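Please consider the structure shown below alongside its sequence. The discussion is intended to guide a reading of its fold, its pockets and its surface.

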Amino acid sequence: MIRRITLVVATLALLTAGRAGAAPDFASLQVQPYQPPKPAPAFALPSLDGRTVRLEDFRGKVVLLFFWATW
């Protein structure tokens, strides 16, 4: 039994030794490289009370934009 386990482990080690140096094929895995986030474009929108609210007024804060529309 131990000989069989040793044989299986040795076979797997030999089979994977040739692949260890190869770079992974990310295209076949459909993995996209990481792209750092880009800054949001500057824009201003009217608030419900008529004031103009600019995105730059919220610099350093978390902003959640929710756009609602009916079609």
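The following paragraphs proceed from the chain as a whole to its pockets and then to individual residues.

The coordinates belong to a predicted model. The protein chain contains two helices and two strands, and these elements occur along the sequence in the order α-α-β-β. Of the 71 residues of the chain, 0% count as buried. The chain exposes about 7,700 Å², and carbon and sulfur atoms supply 64% of that area.

Where, then, is empty space left around the atoms? In general, such space is revealed by rolling a probe the size of a water molecule over the atoms. The largest pocket in this model holds about 280 Å³ of space. Its lining is formed by Phe43, Ala44, Leu45, Pro46, Ser47, Leu48, Val53, Arg54, Leu55, Phe58, Val63 and Leu65. Two strands, β1 (44–46) and β2 (52–54), each supply at least two residues of this lining. The greatest contribution comes from β1, with three residues. Classified by residue type, the lining comprises ten nonpolar, one polar and one charged residues.

The second largest pocket holds about 220 Å³ of space. Pro39, Ala40, Pro41, Ala42, Phe43, Leu55, Glu56, Phe58, Arg59, Gly60, Lys61 and Val63 line the second largest pocket. Its lining has eight nonpolar, one polar and three charged residues. Phe43, Leu55, Phe58 and Val63 appear in the linings of both pockets.

Some of the residues already named also take part in a feature of the surface. Leu45, Phe58, Val63, Leu65 and Phe67 make a nonpolar surface patch of about 460 Å². Leucine 65, one of the patch residues, is located in the segment after β2. Is leucine 65 buried, partly exposed or exposed? Leucine 65 counts as partly exposed because its relative accessibility is 44%, a value in between the limits of 20% and 50%. The patch criterion asks for over 30% relative accessible area, and the 44% of leucine 65 satisfies that part of the criterion.

Charged side chains offer a further point of inspection. The count of salt bridges comes to one. Which residues form the salt bridge? Aspartate 49 pairs with arginine 51, and their closest N and O atoms are 3.1 Å apart; the cut-off for such a contact is 4 Å. Both partners are accessible at the surface: aspartate 49 counts as exposed because its relative accessibility is 55%, and arginine 51 is likewise exposed, with a relative accessible area of 57%.

One feature of the backbone remains to be examined. Glutamine 30 has a positive phi of about 60 degrees, although this residue is not a glycine. Glutamine 30 lies in the loop between α2 (26–29) and β1. With a relative accessibility of 72%, glutamine 30 counts as exposed, since exposed residues are those over 50%.

Technical notes. Residues are numbered from 1 along each chain as its sequence is written. This is a predicted model: local features need pLDDT of at least 70, side-chain atom pairs count only at pLDDT 80 or more; totals for chains, interfaces and linings use all residues. Side-chain values use heavy atoms; hydrogens and water are left out. On a 1 Å grid over the protein atoms alone, a cavity is a set of points where a 1.4 Å probe fits but cannot get out, and a pocket is an open set with protein on both sides within 12 Å along at least five of seven lines; lining residues have an atom within 4 Å of a point. Grid points are joined across faces, edges and corners, and a volume is the space filled by probe spheres set on the points. Helices (H or I, at least four residues) and strands (E, at least two) are DSSP runs, numbered from the N terminus. Ala, Val, Leu, Ile, Met, Phe, Trp, Tyr, Cys and Pro count as nonpolar, Asp, Glu, Lys and Arg as charged, and the others, Gly among them, as polar. Patches are made of residues with over 30% relative accessible area and no salt bridge: like charges are joined within 9 Å, nonpolar side chains (Val, Leu, Ile, Met, Phe, Trp, Tyr) within 5 Å. Accessible areas come from the Shrake-Rupley method with a 1.4 Å probe; for residues, only the protein chains shown count as cover. Buried means under 20% relative accessible area, exposed over 50%, partly exposed in between (1.4 Å probe, protein chains only).
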